[in-house]
Amino acid sequence: MSVGIFACWYLVYLFQEKSSQFDLKDILNGVSQSPAYFLFAIFLMPVNWFIETHKWRRLVVKLSPISITQSIWTILFGISLSLLTPNRMGELGGRLLHISKGNKLKVLYANTICSVSQLLITLLAAVFIFPFFTFVELEIRFEFKVLFSLLISILLLYIYFSSSLIKKIFSKLNDRFQFSALENLIRFSAITRLETLLLSALRYLVFLIQFSFLFMLFDSSIPFYDSLLASISIFFVATAIPTAWISDLPVRTSVAFIVLEYMGYSGLAGLISSVILWCINLLIPALVGLVGFKKVNWMSLQNLYRFD
């Protein structure tokens with residue numbers, strides 16, 4: 001919570017300090033001069049959520065029948081709820097909306113595999129660039145950096161593909177989710193987990209392209225390679241910081257500003273890009289998800305997290 005409060009304060013401070021440089025006309029002019037970058041970032045938004053929907057449904061359909069249409073509205077409704085609840089817990093509630101009570105625990109486990117695969121890609125990307133990130137001076141030989149990255153990658157992949165280990169971690173989160181009960185879940189094969197991981201990597205690539213193009217749109221001095229390094233670093237740091245719903249955007253924008261300033265580029269470009277990317281990938285889908293609100297039995301929402 002303290003991190004979120006500091007991020008909110010720091011974001012307000014940044015806007016006050018950089019207000020003389022923050023000109024809406026300049027931003028619009030930048031977009032008009034290179035509209036392809038901006039339009040492509042918007043075009044990738046439905047691609048991003050289609051990949052997530054497909055990835056989630058591939059796992060869930062093995063446990064509980066759900067149509068493609070239901071899956072799409074489930075994901076969008078989850079995004080809407082995530083912006084209204086602490087720690088984006090509403091996203092999980094939205095994804096359980098069309099799941100019968102008897103299958104909720106199984107789908108929750110499948111959703112955990114989905115989330116862990118996306119988190120793993122974020123960590124692997126950060127570990128991969130570590131030997132090549134020259135903006136931080138460390139008195140460590142390049143060979144040792146590569147070896148460290150390789151060992152960490154192997155460890156992370158082992159945890160992900162170890163079914164029993166994830167189940168034990170999952171059961172520790174809540175006493176109701178006993179390991180013996182989870183043994184009865186449909187086991188996701190190594191191939192299924194690999195396919196899920198590859199879809200997460202594809203979605204992560206979409207994130208990188210969107211963020212990198214927005215960086216280059218608002219700061220033409222940033223080469224594509226450095227914009228990728230900055231994006232990976234920002235995603236990693238932002239993921240490592242626990243946030244509540246009200247502090248999610250301030251944390252991400254503050255991290256983007258700090259990272260780009262540290263790399264010698266315009267922190268303001270990072271701040272603006274982060275806000276725009278948040279609007280594209282979260283705010284717009286959340287508004288679309290509001291359409292599904294009229295189809296929801298609100299009295300049933302209180303039972304979404306009941307598994308007994």
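A helix axis is here a line fitted to the C-alpha atoms over the stretch in contact, and the angle between two axes runs from 0 to 180 degrees between their N-to-C directions. With that in mind, one can read this structure, which is a predicted model, beginning with the whole chain and then turning to a pair of helices and a few single residues.

The protein chain contains 13 helices and zero strands. Of its 308 residues, 49% count as buried. Among contacts between residues at least 6 apart in sequence, 73% join residues that are at least 24 apart.

One packed pair is made of helix H6, which spans residues 104-129, and helix H11, which spans residues 224-240; their axes are 9 Å apart and meet at an angle of about 130 degrees. Angles from 115 to 145 degrees fall outside the perpendicular and antiparallel ranges, and H6 and H11 are therefore oblique to each other. The crossing in which H6 passes H11 is left-handed. On the H6 side, Leu119, Thr122, Leu123, Ala125, Ala126 and Ile129 take part in the contact, and they meet Leu229, Ile232, Ser233, Phe235, Phe236 and Thr239 of H11. Sorted by class, this contact of H6 with H11 has nine nonpolar residues, three polar residues and no charged ones.

Helix H10, which covers residues 190-218, includes Arg203, and Gln210 lies in helix H10 as well. Is Arg203 buried or exposed? Its relative accessibility is 9%, and because buried means under 20%, Arg203 counts as buried. Gln210, at 0% relative accessibility, also counts as buried. The table lists the contacts of these two residues, leaving aside neighbours up to four places away in sequence.

| Residue | Relative accessibility | Residues in contact |
|---|---|---|
| Arg203 | 9% | Asn48, Trp49, Ile51, Glu52 and Gln118 |
| Gln210 | 0% | Ala41, Leu44, Met45, Leu277, Ile280 and Asn281 |

Gln210 can also be compared with Ser231, since the two are 21 residues apart in sequence, while their C-alpha atoms are 9.4 Å apart in space.

Finally, the cysteines deserve a careful look. A disulfide is a covalent bond between the sulfur atoms of two cysteines. How many disulfides does the structure hold? The number is zero. Cys114, with a relative accessible area of 2%, is buried, whereas Cys279, with a relative accessible area of 26%, is partly exposed.

Note on methods:
Residues numbered from 1 in each chain as written. Predicted model: local features only at pLDDT ≥ 70, side-chain atom pairs only at ≥ 80, totals over all residues. Heavy atoms only, no water. Disulfide = S-S within 2.5 Å. Buried < 20%, exposed > 50% of the residue type's maximum accessible area, 1.4 Å probe, protein only. Helix = DSSP H or I, 4+ residues; strand = E, 2+ residues; numbered from the N terminus. Parallel < 35°, antiparallel > 145°, perpendicular 65-115°, else oblique. Left-handed = near helix turned anticlockwise from the far one by under 90°. Contact = heavy atoms within 4.5 Å. Nonpolar A, V, L, I, M, F, W, Y, C, P; charged D, E, K, R; others polar.
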